[in-house]
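Have the chain open in your viewer and pick a colouring you like. We will walk through a handful of spots together, one residue or pair at a time.

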Amino acid sequence: MTQPLNWNSKQLTRGWQKGVTSFYWGLGFAEADLDKPQVGIGVPLLEGNLCNVHAHELAQAIAEGCRNAGLLGFPYGVPGVSDNITQGMEGGNASLPSRNLIANASECVVSAHCYDAMIGTHHCDKNGPGFAMALARMNYPGLLLSGGSIMPGCYKGRDVTILDSYDAQAAADVGEIPESEADEIIRAACPGPGGCGIAASFNTWGIAMEAIGLMPPYSSSIPAIDPAKKQECLEVGSLVRNLLEKNIRPRDILTRTAFENAAATIAAIGGSTNGMIHLIALAREADVAFTLKDIQAILRKTPVLCSFAPRGKRTMVDLHRLGGTPILLKYLLDAGILDGSPMTVTGKTLAENLANEAAIPEEQDLIAPLDVPFKPYADMQICFGNLAPDGMVFKVSSMQSPTFRGTAMCFEDPRDIITAVKEKRMKPGTVVVLRNLGPVASGMPEVLVATSALSVPELDGKVALVSDTRVSGVSHGAIGVHCSPEAAVGGPIGLVQDGDTIEFDLLEGRIHMDVSEAELTERRASLKPVQTSHIRGYLADFAHTVTQANDGCVSRWVLEK
């Protein structure tokens, strides 16, 4: 027997508790509406953030598109936290917890109201991952839709982005450029609505979700202000109806092969390290065995084929003008980097979606020829060792050698790194150790302010940073993050002292501090435990339930269920 499209909502609209339908009549329902499928539309409302400022408008278009497809779409709100606005501030601690809050809030609203499907709108870094986690957890039919990228700004005839803002500020801090010039760049960089336009965390996730099959073709690359974005919203209802008719669920899409496709795509575009922590989290929610070790093997064999900023100069708008994300994915599929067999939200396989895509144009510098990649292996690599027994995610785009050896300089606050750079205390050959900022200690904030400070010419590619926290996808340099376990739960990164020698080999997947086990045991015995106390309730709740980065910082409940 075919499952009715209102498989879930009929419990309320035609269920034993008929009195609840008073609310539906009050909403203006007609009798026939009681039998229509209901769709929850997740909306990260935050009009004080450019990434989300148009979220309500697009949600209304999605709801209209649902009505046109014979569905009832109901927008609901979830928390939104701007990674950029909160950078370096106390609010930065809220970024990763907001992802888990979005997942929980969506599960709460969608399951409580017996919606038949869910659409999650991806506007800022943690929005899409949170919605994807909810879809995987509930396994209700549904998909993600991107709110679209911001257009680049213009400064003296050249494109500028949020990356230029941070780099200009860092350059002005050390006297490389006048402060007035930095101010002009900062004012010009972000001209309107949309997520950060480079291959930072927002677009890394959007492209990865098209590759994994949870986001419709082209969605990640259509700019926020392009008329095609609203048209996409008006048409998405028909996709959701098809998912309901065919009973295609997220876990039918989120297979092991699909996760491999997503990881390879992130590697090929030179994407953000945040993509990996979210990918691991999504795998845990979908109950798919996919670990840092699995990702390590993919990263070693996948070349960097795109010149997106921050490793290059190009933006998502450039990809859109070339033909959109599908043209890139077709290129990767034909190269054997992707497997075309997984199902997607179109009801077709990835290969079927891409079958009619054109070849990459020759006159462009965004996507490299297969025989002349920007790098023969991914900028991102996974390392294990006595500093990070459960793993550390590296991204090294400004250093040609896969190896580095240097002397530790330890910090507990990213602002102290900025001060050390300004005071010229930071020298080439330094391994900057930034710790006690992991998920339990501090919500794992992004420390772009620190990595930007290290991007000045005399240090860029000549120093390395290792940390138990996260960095923004806007960051560039030699960076190792997501150290597991973190210092606050006894991780060895908490035992490092100034002057220790630290070395890593990206292709061997090894990170090592040159300190004997006997010395480490002695340090551990004398180390005073860090007292983690949180002044915010959301952060205390997160710290008491979160797993470590090698498990994606999901709730412990996800691993125990």
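## A walk through the model

S472 sits in the loop that runs between β11 (464–467) and β12 (478–484). A word before going further: this is a predicted model. Is S472 buried or exposed? S472 counts as buried because its relative accessibility is 5%, and the cut-off for buried is under 20%. Setting aside residues up to four places away in sequence, S472 touches Q87, N274, E446 and L448.

Another loop residue to bring up is R435, found between β10 (430–434) and α18 (439–442). With 10% relative accessibility, R435 counts as buried. Which residues does R435 contact, leaving aside neighbours within four places in sequence? The list holds C410, F411, E412, D468, A487, I493, G494, L495 and V496. One of these contacts, E412, is worth a second look: the C-alpha atoms of R435 and E412 are separated by 5.4 Å, although the two residues are 23 residues apart along the chain.

## Charges on the surface

Now turn to the outside of the model. D173, E179, D183 and E184 form a negative surface patch. Which helix gives the largest share of this patch? That is helix α7 (residues 179–188), which supplies three residues. E179 lies in helix α7, and E179 counts as exposed because its relative accessible area is 58%, where the cut-off for exposed is over 50%.

## Salt bridges

How many salt bridges does a search of the whole structure find? The search finds 31. Three of the pairs are set out here, with the closest N to O distance and the relative accessibility of each partner.

| Acidic partner | Basic partner | N to O distance |
|---|---|---|
| E285, 0% (buried) | R137, 13% (buried) | 2.8 Å |
| D318, 14% (buried) | R314, 28% (partly exposed) | 3.6 Å |
| D379, 2% (buried) | K375, 8% (buried) | 2.9 Å |

Begin with the side chains of R137 and E285, which meet in a salt bridge at 2.8 Å, N to O. This pair links distant parts of the chain: R137 is in helix α5 (residues 127–138), E285 is in helix α12 (residues 274–286), and the two are 148 residues apart. R137 is buried, with a relative accessible area of 13%, and E285 is buried as well, at 0%.

The pair of D318 and R314 has its closest N and O atoms 3.6 Å apart. Here D318 is buried at 14%, whereas R314 counts as partly exposed at 28%.

In the third pair, the side chains of D379 and K375 meet at 2.9 Å, N to O. Both D379, at 2%, and K375, at 8%, count as buried. Elsewhere, salt bridges that share partners join D83, D125, K126, E446 and R470 into one network. E446 may ring a bell, as E446 is one of the residues that S472 touches.

## Backbone features to check

Finally, have a look at the backbone. Most residues other than glycine have a negative phi, and most peptide bonds are trans. Against that background, four places stand out for a visit.

Two of them are peptide bonds leading into a proline. The bond from A309 to P310 is cis, with omega near 15°. P310 is placed in the loop between α13 (292–301) and α14 (316–322). The bond from S484 to P485 is also cis, and its omega is near -5°. For P485, the place is the loop between β12 and β13 (501–505).

The other two are cysteines with positive phi. C114 has a phi near 55°, a positive value in a residue other than glycine. Where is C114? Look in the loop between α4 (95–112) and β3 (117–122). C114 counts as buried because its relative accessible area is 10%. C553 likewise has a positive phi, of about 60°, although C553 is not a glycine. C553 is found in the loop between α21 (537–545) and α22 (556–560). Is C553 buried or exposed? At 0% relative accessibility, C553 counts as buried.

Definitions and conventions:
Residues numbered from 1 in each chain as written. Predicted model: local features only at pLDDT ≥ 70, side-chain atom pairs only at ≥ 80, totals over all residues. Heavy atoms only, no water. Helix = DSSP H or I, 4+ residues; strand = E, 2+ residues; numbered from the N terminus. Buried < 20%, exposed > 50% of the residue type's maximum accessible area, 1.4 Å probe, protein only. Contact = heavy atoms within 4.5 Å. Patch = residues over 30% accessible without salt bridge, like charges linked within 9 Å, V, L, I, M, F, W, Y side chains within 5 Å. Areas by Shrake-Rupley, 256 points an atom, 1.4 Å probe, with all protein chains shown as cover. Salt bridge = Lys/Arg side-chain N within 4 Å of Asp/Glu carboxyl O. Lys, Arg positive; Asp, Glu negative; His and termini not counted. Charge placed at Lys NZ, Arg CZ, Asp CG, Glu CD.
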